[in-house]
Amino acid sequence: MTKILIAEDEPLMRERLLEMLAEAWPDARVVLVAENGNDAWDGFLEQEPDVVFLDIRMPGLSGLEVAERIGGLAHVVFVTAYDQYAVDAFDKGAVDYLLKPVQADRLDKAVARLRDKLGSGSSNRAGHGAPPAGLGELLQHLKSALPGMRQERTRWLKASVGRQIRLIDVDDVLFFQSDTKYTRVVLRDSEALVRMPLKDLLSGLDRDRFWQIHRGTVVNASAIAAAERIDAERLQVLLRDCDEKLPVSRTFAHLFRD
């Protein structure tokens, strides 16, 4: 059964999509409905859906940023109100899109395309299609063209160290690790706790420099010394200036393939 994730911050739009998908794709199963981009990415790692419907503009990570992180691990359909850009950009075929308000006939076409891709037999995770050609370029184009899509990057963090509040430069961080409602921040000579979940920190980190290697771990790529195999299926990351070894989940193993 095809698994679907929906990420949409407008309640009425969420309900409409759920109702229309139940009609258009009755043999698929919606495994998660997220109200923001951070929950969408966190839920993606937990549920591993085959298809993701992403609102482009959401709190936290935008739909474009979530799509970047998903890469070729699932098929993406953008739900957008930016019609002046959508027809021009999305019709190049890199990903599918639905214009708000979503129309039943347009959703039917999107579902037909997805069924075709899912049946093509070439998958990264579950045998479904490889990343579409030009996806990275399309996402970068849209992020620069769409109003309000440029994300401010986090430069400094306020973290608790004993009785002190320290100001930490993110460049000095070796890795971040989820610790329930907090995030553990590990540096070369110390560590601290940030009063923010890791999934909320993600939206402010430069994904080219900070790699998520596990649902609960993000590592500074410049701090990686090597990745080594534990067995035929599992990897772990070795760090410079730190003895901790960080497990790599199956979802992110592709980061270390030749």
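**Stop 1: the parallel sheet**

Start by colouring the strands of this predicted model and look for an open sheet of five strands. Reading across the sheet, the order is β2-β1-β3-β4-β5, and the pairing is parallel. Now select residues 29–34, which make up β2, and residues 96–99, which make up β5. These two strands stand at the edges, and each has a single partner strand, so one side of each is left without a neighbour in the sheet. Turn the view to look along the sheet: neighbouring strands are turned by 20 degrees against each other on average, with direction ignored.

**Stop 2: a pair of strands inside the sheet**

Next, select residues 51–55 (β3) together with residues 75–80 (β4). How many bridges join β3 to β4? There are five, and the two strands run parallel. To see one partnership, click on L54 and then on F78 in β4, which is its bridge partner.

**Stop 3: helices on the sheet**

Keep the sheet in view and add residues 37–47, which form helix α2. Helix α2 packs on the sheet and touches β1 (3–7), β2 and β3. Its direction makes about 150 degrees with that of β2. Then add residues 63–70, helix α3. This helix also packs on the sheet, where α3 touches β3 and β4, and its direction makes about 155 degrees with that of β3.

**Stop 4: unusual backbone spots**

Here is a bit of background for this stop. Most residues other than glycine have a negative phi, and most peptide bonds are trans.

Go to E48, in the loop between α2 and β3. Phi of E48 is near 50 degrees, a positive value in a residue other than glycine.

Now jump to K100 and P101. Which kind of peptide bond joins K100 and P101? The bond is cis, with omega at about -10 degrees. P101 lies in the loop between β5 and α5 (104–118).

**Stop 5: a hairpin**

Select residues 235–239 (β14) and 242–248 (β15). These strands run antiparallel and are joined by five bridges. Look for Q236, which stands opposite P247 in β15. Together β14 and β15 form a hairpin with two residues between them.

Zoom in on D241 in the turn, where phi is positive at about 60 degrees. Is D241 buried or exposed? Its relative accessibility is 53%, and exposed means over 50%, so D241 counts as exposed.

**Stop 6: the largest pocket**

Switch on a surface and look for the largest pocket, which holds about 630 Å³ of space. To find its centre, select T251, F252, A253, H254 and L255, the closest to that point of the 27 residues that line the pocket. The elements giving two or more residues to the lining are α3, β11 (210–214) and β13 (224–229); α3 is the helix you met packing on the sheet. Try colouring the lining by residue type: twelve residues are nonpolar, six are polar and nine are charged.

**Stop 7: an enclosed space**

How many cavities of 30 Å³ or more are there? The count comes to two. Your last selection is the lining of the second largest cavity: L61, E65, E68, R69, R153, L202, L205 and R207. This cavity has a volume of about 40 Å³. Colour its lining by type as well, and you will find three nonpolar residues, no polar ones and five charged ones.

Conventions:
Residues numbered from 1 in each chain as written. Predicted model: local features only at pLDDT ≥ 70, side-chain atom pairs only at ≥ 80, totals over all residues. Heavy atoms only, no water. Pairing = 2+ DSSP bridges. Helix = DSSP H or I, 4+ residues; strand = E, 2+ residues; numbered from the N terminus. Axes fitted to C-alpha atoms, helices over the stretch in contact; angles between N-to-C directions. Contact = heavy atoms within 4.5 Å. 1 Å grid on protein atoms, 1.4 Å probe; cavity = no way out; pocket = protein on both sides within 12 Å on 5 of 7 lines; lining within 4 Å. Points joined across faces, edges and corners; volume = space filled by probe spheres on them. Nonpolar A, V, L, I, M, F, W, Y, C, P; charged D, E, K, R; others polar. Buried < 20%, exposed > 50% of the residue type's maximum accessible area, 1.4 Å probe, protein only.
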